[in-house]
Structure formats: C-alpha cells, structure tokens
Amino acid sequence: MAKAAVFLDRDDTLIENIPYLGDPSKVRLMPGAAEACQKLRQAGYFLFVVSNQSGVGRGLITKEQVRSVDLKMESLIGAAGTISGYYHCFATPGDPYDERRKPSPAMLQEAAHEHVLDLARSFMIGNRLSDIQAGLQAGCSAILLDLCVPMEEKAEAARTASFVAKDWNSAVEWIQRRHKS
Ligand SMILES: [Mg+2]
C-alpha cells in the first residue's frame with residue numbers, strides 16, 4: 001500500500017529563515033518543530049523536505065552548503081532517519097528551464113513517484129501561500145503554519161489552506177484527528 005507523507009517547507013517552517021543561508025552554524029529550529037517531526041514519524045508518516053533554494057541559481061550559495069544546512073537541521077531535529085528525503089528547487093523564479101519551484105506541485109509529485117506515496121492521504125505544511133498552493137495542487141491537504149507568514153499573503157494563504165495551525169503542536173493534532181476519522 002502506498003505510504004502517506006508529510007511534506008515540509010524548510011525556511012520559517014522547520015528552521016528560522018535567514019535568506020540564502022549557507023552556514024550550518026546559524027541553523028535554528030522553529031519552536032516545536034523537532035517534537036512535531038518525531039511525533040509525525042512515530043505516527044507512521046514519511047517526512048520530506050520540499051524547499052525553494054534559489055540562492056543556488058543566483059550563485060549566492062552552493063548545493064553543498066544547502067546540504068550542510070539540511071544536515072545540521074536534521075541533527076537538531078534528533079533521531080536519525082526522521083527525514084526521509086529532500087527535494088530542492090535551485091532555480092531562480094521565472095527560470096524557463098525549471099518549472100519545479102513551489103507553487104508548482106512538481107517536487108511533491110517527484111517524491112510521490114520515487115517513494116510510492118499516496119498524495120491524497122498526505123499533507124503539506126508551510127508558511128507561504130506557495131506552499132499551500134503546491135500542496136493542494138498535488139492533491140494533499142495543506143496546512144498553513146502561522147508562525148512567520150508574510151503579512152501581504154496571510155489572508156489569501158489562510159483562506160486557501162485546508163487548516164491554519166497556530167503552532168506546530170496544533171498542526172500535528174489536526175493531522176492526527178484526520179488520520180483517525
Ligand atoms: Mg518557508
């Protein structure tokens with residue numbers, strides 16, 4: 001049977017957003033993120049990070065730096081293997097050769113194909129309208145994590161999302177309620 005996943009945005013969802021972060025020593029988890037990831041994993045969900053990292057396409061950071069930030073994040077989250085995979089788009093917005101940037105659902109679909117995931121039973125969690133759009137377009141439920149939503153897109157993101165979570169704990173509780181029902 002296909003597995004259910006929770007797709008996770010990275011910046012301002014799992015870790016504090018520092019634009020074009022390439023220095024792992026500056027990685028700080030968002031409050032509640034580590035516990036939430038562990039609970040979701042224990043509940044049987046496979047976790048995938050889905051992140052736009054245009055700093056690579058802009059020549060500001062390297063893929064290796066993105067990887068080192070990811071690894072630092074994973075070590076702060078705790079138990080090894082909590083994150084099952086990473087999908088990044090390194091292209092800059094509008095790059096005609098790369099259509100994978102969120103709000104495109106392409107990275108979620110890629111993960112679903114590679115890992116045999118049931119998108120209809122899966123969730124996307126993020127802090128941007130583009131996360132919500134990507135999740136819904138992929139056929140997932142989409143949760144707006146209302147910790148760092150840019151003011152100018154907050155109303156539309158909240159209206160569009162399947163659920164608005166005030167913190168990580170309420171996001172996990174909502175998923176667990178849906179899981180049972
Ligand atoms: Mg984000």
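Here are legends for a few close-up views of this predicted model.

**View 1. Glu64, out in the open on helix α3.** Glu64 is part of helix α3, which covers residues 63-77. Why does Glu64 count as exposed? Just 10 other C-beta atoms sit within 10 Å of Glu64, and a residue is called exposed if that number is 12 or fewer. Look for Gly22 here too: Glu64 and Gly22 are 42 residues apart along the chain, yet 8.5 Å separates their C-alpha atoms.

**View 2. Inside the largest nonpolar core.** This core is made up of 55 residues. Val6, Phe7, Leu8, Leu108, Ile143 and Ala171 have the most contacts inside it. Take Leu8 as a way in: leaving aside residues up to four places away in sequence, Leu8 touches Thr13, Leu14, Leu47, Phe48, Val49, Val50 and Ile125. As a general habit, nonpolar side chains in soluble globular proteins tend to be buried together.

**View 3. The two sides of helix α4.** Helix α4 runs over residues 106-115, and its buried residues are Met107, Leu108, Ala111 and Ala112. Viewed down the α4 axis, these buried residues fall within an arc of 140°, so they line one face of the helix. Over on the other side of α4 you'll find His113 and Glu114, both exposed.

**View 4. What α4 packs against, and what comes just after it.** The buried residues of α4 pack against four strands, β1 (5-8), β2 (46-52), β3 (83-89) and β4 (123-126), and also against helix α5 (129-137). Follow the chain just past α4 and you meet Val116, with a positive phi of about 55°.

Terms used:
Residues are numbered from 1 along each chain as its sequence is written. This is a predicted model: local features need pLDDT of at least 70, side-chain atom pairs count only at pLDDT 80 or more; totals for chains, interfaces and linings use all residues. A residue is buried if 20 or more other C-beta atoms lie within 10 Å of its own, exposed if 12 or fewer, and partly exposed in between; C-beta atoms are placed from the backbone. A nonpolar core is a set of buried Ala, Val, Leu, Ile, Met, Phe, Trp, Tyr and Cys residues joined through C-beta atoms within 7 Å. Two residues are in contact if their C-beta atoms, placed from the backbone, lie within 7 Å. The arc is that of the directions from the helix axis to the C-beta atoms.
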